[in-house]
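Biologist: I am new to this structure and would like a close look at a single part of it, namely the charged side chains that pair with one another. Please take me through that part slowly, and place it within the whole.

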Amino acid sequence: MKMKQVVELINVGDQQSEVNELMAQVKEAISLMVHPSDSGNFLLFEGKKANGVKPIKDTFLHQLNAKGWILEHRLDVGVTNTKPGPIDAVHPVGSKFFAVEWETGNIASSHRALNKIMTGIINGVLVGGVLILPSREMYEYLTDRVGNFRELSPYFDVWAKANYPITQGFLAVIEIEHDGLTSDEDARISKGTDGRALV
């Protein structure tokens, strides 16, 4: 799997070394993703909207879990009147956590993911976090309407330029993309119920 770009929306405070180390682990986990397992690359079946998204995320989370990250962890980030779902992966940083979300839902889910991380930063629960999104090119071969980088990027200023009451925090978005396509049906990634996928 390759990274097209990393966009830092917020980067303030004195925990840069810890954040840099955790971001390096996230980037390495992405780079080590291979499909099919004997291909040496991350290939998608070439059919439009033909590949599921959750198995891709699970491959990434397996890499992080091997480095001591906690998966599917519920944190009280300070959201009132509702209980947000678990964060895909977190890593302790002192008494706080660094969060990673890998998008498997629609574009509304992408907004919620960044808002959840931002709320955790504001309330002192998270030192920061990152959202991982497919490129628009990758999107074409995934579950219909899954959140993607190009669709979310026009709203980055909502997080980057707002005057949030924080002195410490890191928020970034990583755009990812497959290495290539294959016509091998065995490489088709199964769909679940994420986004608007059919069971």
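Modeller: Let me begin with arginine 145, which counts as partly exposed because its relative accessible area is 26%, in what should be read throughout as a predicted model. Salt bridges that share partners join Lys2, Lys4, Glu137 and Glu177 into one network, and that network is the part I would like to follow after a word on arginine 145 itself. The partner of arginine 145 is glutamate 151, and the closest N and O atoms of this salt bridge are 2.8 Å apart. Glutamate 151 is likewise partly exposed, since its relative accessibility is 22%, and the cut-off for calling a residue buried is under 20%.

In general, side chains of opposite charge can pair when their charged atoms come close. A search of the whole structure finds 13 such salt bridges, and two of those in the network meet at lysine 4, a residue that is partly exposed with a relative accessibility of 42%. In one of them, lysine 4 meets the side chain of glutamate 137, with 3.4 Å from N to O. Glutamate 137 belongs to helix 4 (residues 136–139), while lysine 4 belongs to strand 1 (residues 2–12), so this salt bridge ties together parts of the chain that lie 133 residues apart in sequence. Glutamate 137 is partly exposed too, given its relative accessibility of 40%.

The other salt bridge joins lysine 4 to glutamate 177, at 3.5 Å from N to O. This pair also links distant parts of the chain, for glutamate 177 sits in strand 7 (residues 169–177) and lysine 4 in strand 1, with the two positions 173 residues apart in sequence. Glutamate 177 has a relative accessible area of 11% and is therefore buried, whereas lysine 4 is partly exposed.

To place this in the whole, the protein has six helices and eight strands, which follow one another from the N terminus in the order β-α-β-α-β-β-β-α-β-α-α-α-β-β. Its radius of gyration is 16 Å, close to the 16 Å that the globule rule gives for 199 residues, so the protein is as compact as a globular protein of that length. The C-alpha trace spans about 50 × 30 × 25 Å along its principal axes, and buried residues account for 48% of the 199 residues. Of the contacts between residues at least 6 apart in sequence, 75% join residues at least 24 apart, and the two salt bridges of lysine 4 described above likewise bring together parts 133 residues and 173 residues apart.

As for charge over the protein in general, there are 20 positive and 25 negative charges, and their mean positions are 6 Å apart. The accessible surface comes to about 9400 Å², with 47% of it belonging to carbon and sulfur atoms.

One further residue shows how parts separated in sequence can meet without a salt bridge being named: histidine 91, in strand 4 (residues 87–93), is buried because its relative accessibility is 19%. Leaving aside residues up to four places away in sequence, histidine 91 touches Leu22, Lys67, Gly68, Trp69, Lys96, Phe97 and Phe98. From histidine 91 to leucine 22 the C-alpha distance is 8.0 Å, although the two are 69 residues apart in sequence.

Note on methods. Residues are numbered from 1 along each chain as its sequence is written. This is a predicted model: local features need pLDDT of at least 70, side-chain atom pairs count only at pLDDT 80 or more; totals for chains, interfaces and linings use all residues. Side-chain values use heavy atoms; hydrogens and water are left out. Helices (H or I, at least four residues) and strands (E, at least two) are DSSP runs, numbered from the N terminus. The radius of gyration is taken over C-alpha atoms; the globule rule is 2.2 Å times the number of residues to the power 0.38. Buried means under 20% relative accessible area, exposed over 50%, partly exposed in between (1.4 Å probe, protein chains only). Contact means heavy atoms within 4.5 Å. Accessible areas come from the Shrake-Rupley method with a 1.4 Å probe; for residues, only the protein chains shown count as cover. Lys and Arg count as positive and Asp and Glu as negative; His and the chain ends are not counted. The place of a charge is taken as NZ of Lys, CZ of Arg, CG of Asp or CD of Glu. A salt bridge is a side-chain nitrogen of Lys or Arg within 4 Å of a carboxyl oxygen of Asp or Glu.
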